[in-house]
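Biologist: Hi! Could you walk me through this protein in simple words?
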Amino acid sequence: MAPTLLSKLKDKSLFIEQCFVDGQWTPARSGKTFNVENPAINEVLGTCPECSKEDTETAIAAAAQAFESFRTTTARSRARLLRKWYNLMVENAEDLSLLITLENGKVLGEARGEVAYAASFLEWFSEEAPRTYGDTIPATNPGNQIVTIKEPVGVCALVTPWNFPAAMITRKVGAALAAGCTVVIKSPAETPFTANALAELAHRAGIPKGVINVITTDKNIVEVGHTLTSSPLVRKVSFTGSTNIGKLLMRQCAEITLKKISLELGGNAPFIVFDDADINAAVQGALISKFRSSGQTCVCANRIFVQDAVYDRFAEKLAAHVRDKFAVGDSLISSEVTHGPLIHDRAVAKVHEHVTDAVAKGARILAGGQKVPELGPNYFQPTVLAAMTCDMKLATEETFGPVAGLFRFKTEQEVVRLANNTDMGLAAYIFTKDNQKAWRTAKGLEVGMVGLNTGLISDAAAPFGGIKSSGLGREGSKYGIDEYLTVKMITIGGLDTPV
Ligand code: SIN
C-alpha cells in the first residue's frame, strides 16, 4: 500500500488487496495480481487478485449455497442487516471517501457526497425489504382464488463501473439483499478497493458468509464475464457500463441459460434551456449536471441546447464560472481543487478528440480546451465550446468528460427533434418557467429520466434507468427491488364447495 494512503486511513484494515469469497478474504487461485493506480499521480496504490473462471465458479457456488438459507430469512431480518451495514458506512464515511478519491480521482468533497449517496441506497432498501407485497386476484373460474407472492430471483451477478465505486454497488446489492438474493460482484479493475471496503463492512454488519462475494479481475475480464453470464446457478445479471458491453452481456445471458437482466448503459443527455428560463438557475444546473465527477457520469449533460435569445448570455455566464471558479488538480494536495483527473489517459484522449473535432468543424473555445500535462497524463481542463453543430462527434457520442458543448436552437419542436436524435435515452434536463412547455417537452423526450429546473436527479427514492440503447430496468426507488424478485402466482381451487 502507498504510504500516503496508509497514513490517512483511520481504519487501515479497510484497505484490502484480496477478493471476498464465502466470507473469507482470499487471493486468486493462480496467485496472480494486477496493479491499481491512483489516477491523480499515476502511482500504484496496491494490487488485487487476477481472478479466473475457477475463482468465479467458486464465488458463484458460495452464493448458491448461501441462497438456500438466505432466501428463507424474514424480510425484517434482512432490513436490520442492511440498516447495520448502512450505519457502518456512515461511521466509516471518511475512510470510504478517501479510498474513492485515491482510486477514482474525484475530489474529496464529491467522494463524500458519493458515500452519502451510496449509503442512502442501503437505508432505502432496508425500508423496502418488508414491503414486497403480493396481490389477491378474483379468478375467472368459479371456486378459484388467485394470489401472487414475490420470491427472490436467486444468485445475482453484479458488474459495476469505476465512476461511482461505492454507489453503483450499494444500489444493486441493497436491492438484491432486500429481496433475499445472494450476489457475486465483479468490481471494476480501476476501483476495487472501495468495493472491498464495502464488503468488509457488510461482513462486520453480520451479513452471512456467501451472501456477498466480490471478485476482482483486470485481464481476465472476458473469461470472468462469460462465467457469470453462462452459469446456470446465476439467475440474474445487473450491469452498469457501456452500451456495447451491455449488449454483449445480454447476448451471453441468452446463449446457454436465460437470465433476468438489468442494464444501465450509456447516455447522451440533452440539457435544454428555453429563453424564459431563470438563467442563473440554468447555469448552476448545467455546472452540476455537466461537471459532476468531471463529466464522468452517465447522466451528465452531453449536448446543451440553448434558445437563441438567451444563448450568448448563458454561454458567457457558464464560461466565466468555469474559467474563474474551477481549479483542476489533486484534491488530496490542495483543498482549492474543484475537479480531479479523469480515470485514465484513454479518457483524456477521447475528450481531446471531441474538442479537436469540434474546433475543426467550427466550434469556439470559451473556456479550457486543453490537456494539463504539467499535472499528469490524466488531466483535462473543464471546457466550454460554443457554436456546436450536429455533425460533430460530441453530438452523437457520449464524451464522458468535462466538455460543455453549446448548441443554439430556435423553437420547441426543433429542440425536441434534436434532443431525440440519438440512440441513447437515459436522462434529459429542461429549464423553463412555463409549466405547460415543461410538461410537453418532458413528455416529448425519449428518455427514462427528466430533470425539470434542476441539474441533479440522483436520489435513492427516484427510479434510475433509461430507454432505447441506454438500457433496461430501474434501480433505486420502490421499483428497484422488483428487478431482484419474481412473481409467483398460486391459484387455489375448489373454494365454492357447498357446505
Ligand atoms: C452513473 O453514472 O451510472 C450513475 C449516476 C448517478 O447515479 O447519479
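Modeller: Happy to; we can talk about domains, aromatic rings and charged pairs. Keep in mind that this is a predicted model.

Biologist: Cool. Which domains is the chain divided into?
Modeller: There is domain 1, covering 1–265, and domain 2, covering 270–452. Their C-alpha centres lie 31 Å apart.

Biologist: And how many residues does the contact take from each domain?
Modeller: Domain 1 gives 23 residues and domain 2 gives 24 residues. Between them, the two domains bury about 1,800 Å², with 58% of that on carbon and sulfur atoms.

Biologist: Which residues in domain 1 lose the most area to domain 2?
Modeller: Those are Ala-40, Val-107 and Trp-162, which together make up 26% of what the domain 1 side buries.

Biologist: How many salt bridges go across that interface?
Modeller: The rule finds zero salt bridges across the interface of domain 1 and domain 2.

Biologist: Let's switch to rings. How many aromatic pairs are in the whole structure?
Modeller: The search finds ten aromatic pairs. In one of them, the ring centres of Trp-162 and Phe-400 are 5.9 Å apart and the planes sit at 85 degrees, so this pair is edge-to-face.

Biologist: Where do those two residues sit in the chain?
Modeller: Trp-162 is in the loop between strand 7 (155–159) and helix 6 (167–179), while Phe-400 is in the loop between helix 13 (393–396) and strand 16 (403–409). The pair therefore ties together parts that are 238 residues apart in sequence.

Biologist: Is Trp-162 buried or exposed?
Modeller: Trp-162 counts as buried because its relative accessibility is 16%, and the cut-off for buried is under 20%.

Biologist: Got another ring pair for me?
Modeller: Sure, take Phe-291 and Phe-326: their ring centres are 5.3 Å apart with planes at 75 degrees, so they are edge-to-face. Phe-291 belongs to helix 10 (residues 279–291), and Phe-326 is in the loop between helix 11 (308–325) and helix 12 (345–360), 35 residues apart. Both Phe-291 and Phe-326 are buried.

Biologist: Which residues do ring pairs link into a cluster?
Modeller: Tyr-117, Phe-121 and Phe-164 are linked that way.

Biologist: Now for charges. What lies over the face of Tyr-311?
Modeller: Arg-408 does, at 4.0 Å from the ring centre. Arg-408 also meets the side chain of Asp-312 in a salt bridge (3.3 Å, N to O). That salt bridge links helix 11, where Asp-312 lies, with strand 16, where Arg-408 lies, and the two are 96 residues apart.

Biologist: Are Asp-312 and Arg-408 buried or exposed?
Modeller: Asp-312 is partly exposed, with a relative accessible area of 47%. Arg-408 counts as partly exposed too, at 39% relative accessibility.

Biologist: Why can charged side chains pair up at all?
Modeller: Side chains of opposite charge can pair when their charged atoms come close. Here the count comes to 20 salt bridges.

Biologist: Which parts of the chain does the pair of Arg-204 and Asp-11 tie together?
Modeller: Those side chains meet in a salt bridge (2.9 Å, N to O). Arg-204 lies in helix 7 (residues 192–204) and Asp-11 in the loop between helix 1 (3–8) and strand 1 (19–21), so the pair ties together parts that are 193 residues apart in sequence.

Biologist: Last one: which residues are linked in a network of salt bridges?
Modeller: Arg-171, Lys-172, Glu-264 and Glu-475 are linked in such a network.

Note on methods:
Residues are numbered from 1 along each chain as its sequence is written. This is a predicted model: local features need pLDDT of at least 70, side-chain atom pairs count only at pLDDT 80 or more; totals for chains, interfaces and linings use all residues. Side-chain values use heavy atoms; hydrogens and water are left out. Rings of Phe, Tyr and Trp (its six-membered ring) pair if their centres lie within 6.5 Å; planes under 30 degrees apart count as stacked, over 60 as edge-to-face and the rest as tilted. Helices (H or I, at least four residues) and strands (E, at least two) are DSSP runs, numbered from the N terminus. Buried means under 20% relative accessible area, exposed over 50%, partly exposed in between (1.4 Å probe, protein chains only). A charge sits over a ring if NZ of Lys or CZ of Arg is within 6 Å of the ring centre and within 35 degrees of the ring normal. Domain bounds come from an automatic or database domain assignment. Contact means heavy atoms within 4.5 Å. Buried area is the accessible area (1.4 Å probe) that two parts lose on being put together, summed over both. A salt bridge is a side-chain nitrogen of Lys or Arg within 4 Å of a carboxyl oxygen of Asp or Glu.
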